[in-house]
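Biologist: Could you take me through this one and justify each term as you use it? I'd like to see the values set against the cut-offs.

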Amino acid sequence: MTFDKKIYVTQPSLPPLDDFSPYLKKIWKEKWLTNNGRFHQEFEKELADYLGVKYVSLFCNGTCALQIGLQALRITGEVITTPFTFAATTHSIYWNSCTPVFCDIDPVTFNLNPDKVESLITPKTTAILPVHVFGNPCDVVKLKTIADLYGLKLFYDAAHAFGVRKSGESILNFGDLSMLSFHATKVFNTFEGGALVTNDETMKKRIDFLKNFGFAGETTVVAPGVNGKMDEFHSALGLLQLKHIDAEIEKTQKVAQLYEKKMRGIQGISIMRKASDIDYNYAYFPILVDSEKYGLSRDELYNIFRSNEIYARRYFYPLVSNFPCYRDLSSSSIDNLPVATKIAEQILCLPIYADLETKDINRIMDIINKKD
Ligand code: T4K
């Protein structure tokens, strides 16, 4: 096979460089670089409007937002969460001196299975931390019923769910808090960055204190906070990125649609099912490889891709519950996580991004169709 370039699982969307200069000139002229500057304030407002939420608090990255979110909610003891996620979800629980309790996932949505939550609740449980994995919404209704019944906080890791809506309503409006990531690999990026989303004004204030050393005034510190702020450079970039995000998502949707069309009828390969009431952001294109039906294992296919300089990724393998720091927890046992274990063995995220060309998709599909 001949190929002319490496294809990665994603490629960041960037605005025209010249369009960023006026923002930089303003920053250079005014010399206000961070600490709730004008671009920070504008970005928080414009982002809230764009997302259809009440309050946004910007962060230097999504992981810090997760850690502060747990602090702001005063979470202690045990937190029920999914093992099918990026390490940051679980690490944030650990960094808050809490114990992650892993719950199995749903085989269709790959999200935390609400029907498995109740049996994991103990007197120490204070919160549920689900992930809208690959931007596919969790069962927010069932999870809220359980959280309300047992008096638990519900904090969504929405790192993958920028712009996702359910029946026209932002998915970020469900639960007590939602966290977003604006990392380079995300559908909406500020190079690094993140946010917490809340509908509660007092919660927004508390979060803003916590991300700024706990300062509530020049000489008043209300809590032991950290430095989690987003600066003016990244905020300005975010403002500019907002102007392009709809067009980028539209282009990525076309890539997803082409994949879906070409993927029909391939024995042993299945794609994530989509619901009709959801507006997706198309940031990930996960497939499941059933080795018996397909004739190759997921890892064999992954390695063939690699030898052709196509870097599909096994998000999320291994499960977080298999990392040495968590594998001794009783909830990490395979018996507790049969579905997550199986999905982690079969999952492969194909390259997807706004500028992925049709010839590249054809190259990828030729490999899946074993044409080379
Ligand atoms: N919760 C969830 C569910 C998450 O998925 C994440 C992050 C977080 C929390 C934490 O949010 P942040 O603190 O990151 O804001 C990547 C990202 O680093 C990570 O942000 C992301 N999840 C995770 C799913 O993916 P890696 O180790 O796969 O990244 P890396 O460097 O291998 O990048 C993947 C590919 O993207 C590269 O092969 C090429 C391309 N790429 C990457 C970068 C960084 C570029 O083209 N340009 C770039 O600048 O973790």
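Biologist: Where does phenylalanine 316 lie, and how do you know what counts as a helix or strand there?

Modeller: In this predicted model, phenylalanine 316 sits in the loop between strand 14 (310-311) and helix 11 (338-346). Helices (H or I, at least four residues) and strands (E, at least two) are DSSP runs, numbered from the N terminus. Proline 318 is in that loop between strand 14 and helix 11 too. As for ground rules, residues are numbered from 1 along each chain as its sequence is written, and side-chain values use heavy atoms, with hydrogens and water left out. Since the model is predicted, local features need pLDDT of at least 70 and side-chain atom pairs count only at pLDDT 80 or more, while totals for chains, interfaces and linings use all residues.

Biologist: What makes the peptide bonds there worth a look?

Modeller: Most peptide bonds are trans. Tyrosine 315 and phenylalanine 316, though, are joined by a cis bond with omega about 5°, and tyrosine 317 and proline 318 by another cis bond, omega about -5°.

Biologist: What is the sign of phi at asparagine 35, and where is that residue found?

Modeller: Positive: phi of asparagine 35 is near 65°, and the residue isn't glycine. Asparagine 35 is in the loop between helix 1 (17-30) and helix 2 (38-51).

Biologist: Which residues are closest to the ligand, and how many surround it?

Modeller: There are 25 around the ligand, the closest being Thr63, Asp157, His160, Ser181 and Tyr315. To be near, a residue needs one of its heavy atoms within 4 Å of the molecule or strand.

Biologist: What makes the pair of aspartate 157 and the ligand a polar contact?

Modeller: A polar contact is a pair of N or O atoms within 3.5 Å; within protein, one must be able to donate a hydrogen and the other to accept it, and residues adjacent in sequence count only if both atoms are side-chain atoms. A ligand nitrogen is 2.7 Å from an N or O atom in the side chain of aspartate 157, so the pair qualifies. Serine 181 has a side-chain N or O atom 2.7 Å from a ligand oxygen, and lysine 186 has one 2.9 Å from a ligand nitrogen.

Biologist: Why are aspartate 279 and arginine 165 called a salt bridge?

Modeller: The rule asks for a side-chain nitrogen of Lys or Arg within 4 Å of a carboxyl oxygen of Asp or Glu. Their closest N and O atoms are 3.4 Å apart, so aspartate 279 and arginine 165 pass. The whole structure has 19 salt bridges. Another of them joins glutamate 357 and lysine 5, at 3.5 Å. Glutamate 357 is in the loop between strand 15 (347-350) and helix 12 (358-368), and lysine 5 in the segment before strand 1 (7-8), so this pair ties together parts 352 residues apart in sequence.

Biologist: How is the protein divided into domains, and what area is buried between them?

Modeller: An automatic or database domain assignment sets the bounds, giving domain 1 (17-242) and domain 2 (245-368). Their contact (heavy atoms within 4.5 Å) takes 39 residues from domain 1 and 34 residues from domain 2. Buried area is the accessible area (1.4 Å probe) that two parts lose on being put together, summed over both. Here that is about 3200 Å², with carbon and sulfur atoms giving 67%. On the domain 1 side, Phe102, Asp104 and Phe134 lose the most area to domain 2, together 21% of what that side buries. Two salt bridges cross the interface of domain 1 and domain 2.

Biologist: Which residues does arginine 206 contact beyond its sequence neighbours?

Modeller: Arginine 206, in helix 6 (residues 201-210), is in contact with Gln71, Ala72 and Arg74, leaving aside neighbours within four places in sequence. The side chain of arginine 206 reaches the backbone oxygen of alanine 72 at 3.0 Å.
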